[in-house]
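Let's take a quick tour of this one together. Have the picture open while you read, and find each spot as it comes up.

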Amino acid sequence: MFENRLKKRNIRPTAMRLIVLKELYESEVAMSLSELELKLENSDKATLYRTLKKFEENQLIHSIDDGSGSIKYALCDEGCTCDSKDQHVHFHCEKCLSTYCITNIGIPQLTLPKGFISNSANLVFKGICLSCS
Ligand SMILES: [Zn+2]
Ligand SMILES: [Zn+2]
């Protein structure tokens, strides 16, 4: 199953890539590079970083800037093309510091002033998550 998911995104399955994908798949919340490094004891940061970059380039995962200072990564839906219709709202819990994908809420399309061309938008809600409230 994990192998197929990599192949569908034109990523050659290696042991490391499979482990990282599995970890992101099993996590309910988005994970940062350092969190992944802690979880995967036998990994080095450079390899992990390259793995995440590759995943992101091939639209297997997306990155989230939740304002915490470290970029988080989460798995994309299977049919995701990471364009504006796939972009969704994120929620950052100020208590447990977890960041969630709220995939069923899209980012509203707003009209920017003339001459401003947007490539992406980032909408992060902050507050208390379900398990902390
Ligand atoms: Zn929480
Ligand atoms: Zn997300």
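**A charged residue tucked away**

Arg5 is buried, yet it has no salt bridge: Glu78, the nearest side chain of opposite charge, sits 4.3 Å away. That misses the cut-off, because a salt bridge needs the side-chain nitrogen and the carboxyl oxygen within 4 Å. Keep in mind that this is a predicted model. After Arg5, we'll move on to the two zinc sites.

**Around Arg5**

- To find Arg5, look in helix H1, which covers residues 2-8.
- What does the side chain of Arg5 reach at 2.9 Å? It's the backbone oxygen of Cys76.
- Cys76 is also on the list of residues in contact with Arg5, once you leave aside neighbours within four places in sequence. The others on that list are Leu21, Tyr25, Leu60, Leu75, Asp77 and Glu78.

**The zinc ion (ligand 2)**

- Three histidines and a cysteine hold this one: the protein donors are His62 (NE2), His88 (NE2), His90 (NE2) and Cys101 (SG), at 2.0 to 2.2 Å from the zinc ion.
- Along the chain, these donors follow the spacing H-x25-H-x1-H-x10-C.
- His62 belongs to strand S2 (residues 61-64) and Cys101 to strand S5 (residues 99-106), so this pair ties together parts that are 39 residues apart in sequence.
- Is His62 buried or exposed? It's buried, with a relative accessible area of 12%.
- Cys101, on the other hand, counts as partly exposed at 26% relative accessibility.
- The site is tetrahedral, with angles of 101 to 116 degrees among the four donor atoms. For reference, the ideal angle for four tetrahedral donors at a metal is 109.5 degrees.

**The zinc ion (ligand 1)**

- Here the protein donors are four cysteines: Cys93 (SG), Cys96 (SG), Cys129 (SG) and Cys132 (SG), lying 2.2 to 2.4 Å from the zinc ion.
- Their spacing along the chain reads C-x2-C-x32-C-x2-C.
- Cys93 sits in strand S4 (residues 88-93), while Cys129 is in the segment after strand S6 (124-127), so the pair ties together parts that are 36 residues apart in sequence.
- Cys93 counts as buried, because its relative accessibility is 0%.
- Cys129 counts as buried too, at 4% relative accessibility.
- Why is this arrangement called tetrahedral? Because the four donor atoms subtend angles of 103 to 118 degrees around the zinc ion.

Notes
Residues numbered from 1 in each chain as written. Chains lettered and ligands numbered in written order. Predicted model: local features only at pLDDT ≥ 70, side-chain atom pairs only at ≥ 80, totals over all residues. Heavy atoms only, no water. Donors = N, O, S within 2.8 Å, 3.2 Å for Na, K, Ca; no water. Tetrahedral: all angles 85-135°; square planar, octahedral: opposite > 155°, others 65-115°. Helix = DSSP H or I, 4+ residues; strand = E, 2+ residues; numbered from the N terminus. Buried < 20%, exposed > 50% of the residue type's maximum accessible area, 1.4 Å probe, protein only. Lys, Arg positive; Asp, Glu negative; His and termini not counted. Polar contact = N/O pair within 3.5 Å; in protein donor to acceptor, adjacent residues only side chain to side chain. Contact = heavy atoms within 4.5 Å.
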